[in-house]
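Could you walk me through this structure while I have it open in the viewer? I would like to know what to select next and what is there.

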Amino acid sequence: MTSARRVAVIGAGPAGLAAGKALRDAGVEFVLYERGDRPGGLWVRGAGLSPAYASLHLNTSKGRTEFADFPMPRHWPDYPSADMIAGYLADYAERFGLVPHIRFQSPVASVERDGTDGPWVVRTESGDAARYDAVVVANGHNWDPRWPDPAPPGDFAGAQMHAHGYRDAEEFRGKRVLVVGMGNSAMDIAVDASHVARGPVLLSARRGVHIVPKYLFGRPSDATGGALAVLPWRVRQRLAETMLRLAAGRPQDYGLPAPAGGLFQNHPTISDTILHRLTHGEVEARPGIDRLDGDTVVFGDGTADPVDVIVWATGYRVSIPFLSRDLTGDDPERLPLFKRVFHMDDSSLAFVGLMQSTGAALPIVEAQAKLAAAYFSGAYGLPSPAERRRAVARALRAATARWGDRRPMMRVDFDQYVADLPREMKAGRDRLARGAARPFTPTHREETPA
């Protein structure tokens, strides 16, 4: 059985830590590169590129978020804080012996092949270089702020910031605040600011989303969704939308725009508090911005409000700056990957966490990490290149039909995907057993018969 002699893992957040554990379990040597000084990645408040703010909590319940191999403490609340998750990830790294494998304060500058079939060379920003037989990219995709493009016309006299830079509501005390966006961060920031701002916080959005409370009928709302996972997603959608409407009403009932798509299509916003602040007048909904005019913001319906601070909660770009465009294409969001793990042209390059899930991330990156580690250890064989291309094309067609043109290549259905990867693992073992695939060979780009 041929295995990779050495694997580099880029990032020591949840995805990178899961990859490290899976490689360790598979008996594969590995090194994790981390720009920060602690494990945990973006969950570590105040570290590196972390967007974590003081009030941040999980928006998926602990039972649906925890690693299968490392359950969260039973006495924890259903929705732990960011600090608790950072501690959980640090404990995970200690428990499974990952810390000695992490090179802290080592941001990666480049990852490239040494020649056509040579080893991978990983160079850090400090100039250190090392060679590896395979690479796992686990750098996350919630750290490179996406600003509005094009920006609204006009000039604004106040302050502007991206949600990535938000840490604590005190910076909004006594100020007139506008939050732009309808995601989880937008809702959290609007609620936080509403307790200290001057007048109601304005919440602006061109498109609506479903607002899902953290509890439905006395249970965490994602547990309710998980109970329906065996049904086709369209059936799940109709049932879940009915339950949501009965429990919380429609966003339009609170002055928010109607959702642009159905539940389980566009990602819902999980919040117990935004509807409360809207109904009490502490947050007021506004349509999209038409233009900026000094200290005034003019909205699409012609209304105008004085504003001191605009918070752009407009999401993040997918950035993999250490890989060349030959490997990522012009837009990493559109990068095709077999099972959202293996690069189509060079399967010694794997990705853990480059996806957008309908649910929590940790169980998904754990499953991806196990698949990648099985391959690099020689215990799993890929299907042929042609079969991989067909599988990616099928997945893209299904995702486009469900999610439209908003990151369809990256989209996965949480429950279906977590169930699918173990089946693929077994299929890969069967391929090896019957000689339909070859185990991983570090110096070869294609390991399976054509």
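Here is a tour of the model, one selection at a time; bear in mind throughout that the model is predicted.

**Stop 1: a helix on the inside**

Start by selecting residues 184-194, which make up helix 4. Of its 11 residues, 10 are buried, so the rest of the structure largely encloses this helix. To see them as sticks, pick Asn 184, then Ala 186 through the list of Met 187, Asp 188, Ile 189, Ala 190, Val 191, Asp 192, Ala 193 and Ser 194.

**Stop 2: a four-stranded sheet**

Next, bring up strands 9, 18, 19 and 20. They form an open sheet in the order 9-18-19-20, with mixed pairing. Strand 9 (154-156) and strand 20 (304-306) are the edge strands; each has a single partner, so one side of each has no neighbour in the sheet. If you look at how neighbouring strands cross, the average turn between them is 35°, direction ignored.

Now zoom in on strand 19, residues 296-299, beside strand 20: the two pair in the antiparallel sense over three bridges. A handy marker for this pairing is Thr 296, which stands opposite Pro 306 of strand 20.

While you are at strand 9, step back along the chain to the loop between strand 8 (144-145) and strand 9, where Pro 150 lies. Select Asp 149 together with Pro 150: the peptide bond joining them is cis, with omega at about 5°.

**Stop 3: a strand covered on both faces**

Move on to strand 21, residues 309-312. In a regular strand, side chains point alternately to the two faces of the sheet. Here Val 309 and Val 311 lie on one side, Ile 310 and Trp 312 lie on the other, and all of them are buried, leaving both faces covered.

Which strands pair with strand 21 in the parallel sense? One is strand 10 (residues 159-162), over four bridges, and another is strand 11 (residues 177-180), also over four bridges. To line up the first pair, select Gln 160, which stands opposite Ile 310. For the other, select Val 180, which faces Trp 312 across the pairing.

**Stop 4: enclosed spaces**

Rolling a probe the size of a water molecule over the atoms shows where empty space remains. How many cavities of 30 Å³ or more does a search of the whole structure find? There are two.

The largest cavity holds about 60 Å³ of space. Select Val 137, Ala 138, Asn 139, Gly 140, His 141, Val 318, Ile 320, Phe 351, Val 352, Gly 353 and Leu 354 to show its lining. By class, this lining has seven nonpolar residues, four polar and no charged.

The second largest cavity has a volume of about 40 Å³. Its lining consists of Ala 18, Lys 21, Ala 22, Asp 25, Asp 69, Tyr 92, Glu 366, Ala 369 and Lys 370. Helix 1 (14-25) and helix 9 (362-376) are the elements that each give two or more residues to this lining, and helix 1 gives the most, with four. Colour the lining by class and you will find four nonpolar residues, no polar and five charged.

**Stop 5: an open pocket and helix 10**

Now turn to the second largest pocket, with about 620 Å³ of space. Of its 25 lining residues, Ala 395, Arg 411, Val 412, Gln 416 and Tyr 417 lie nearest the centre. Elements giving two or more residues to the lining are helix 6 (233-248), strand 23 (337-338), helix 10, strand 27 (411-412) and helix 11 (414-433). Helix 10 supplies the largest share, nine residues. The whole lining divides into 16 nonpolar, one polar and eight charged residues.

Stay with helix 10, residues 385-403, and select Arg 388 within it. Arg 388 counts as buried, at 2% relative accessibility. Draw a distance from its side chain to the backbone oxygen of Pro 383 and you should read 2.6 Å.

**Stop 6: two backbone oddities**

Finish with two residues in loops. Is Arg 407, in the loop between helix 10 and strand 27, buried or exposed? Arg 407 is buried, with a relative accessible area of 16%, and its phi is positive, about 55°, although it is not a glycine.

Gln 105 sits in the loop between strand 3 (102-103) and strand 4 (108-113). Gln 105 is not a glycine either, yet has a positive phi of about 50°; at 60% relative accessibility, Gln 105 counts as exposed.

Conventions
Residues numbered from 1 in each chain as written. Predicted model: local features only at pLDDT ≥ 70, side-chain atom pairs only at ≥ 80, totals over all residues. Heavy atoms only, no water. Buried < 20%, exposed > 50% of the residue type's maximum accessible area, 1.4 Å probe, protein only. Pairing = 2+ DSSP bridges. Axes fitted to C-alpha atoms, helices over the stretch in contact; angles between N-to-C directions. Polar contact = N/O pair within 3.5 Å; in protein donor to acceptor, adjacent residues only side chain to side chain. 1 Å grid on protein atoms, 1.4 Å probe; cavity = no way out; pocket = protein on both sides within 12 Å on 5 of 7 lines; lining within 4 Å. Points joined across faces, edges and corners; volume = space filled by probe spheres on them. Nonpolar A, V, L, I, M, F, W, Y, C, P; charged D, E, K, R; others polar.
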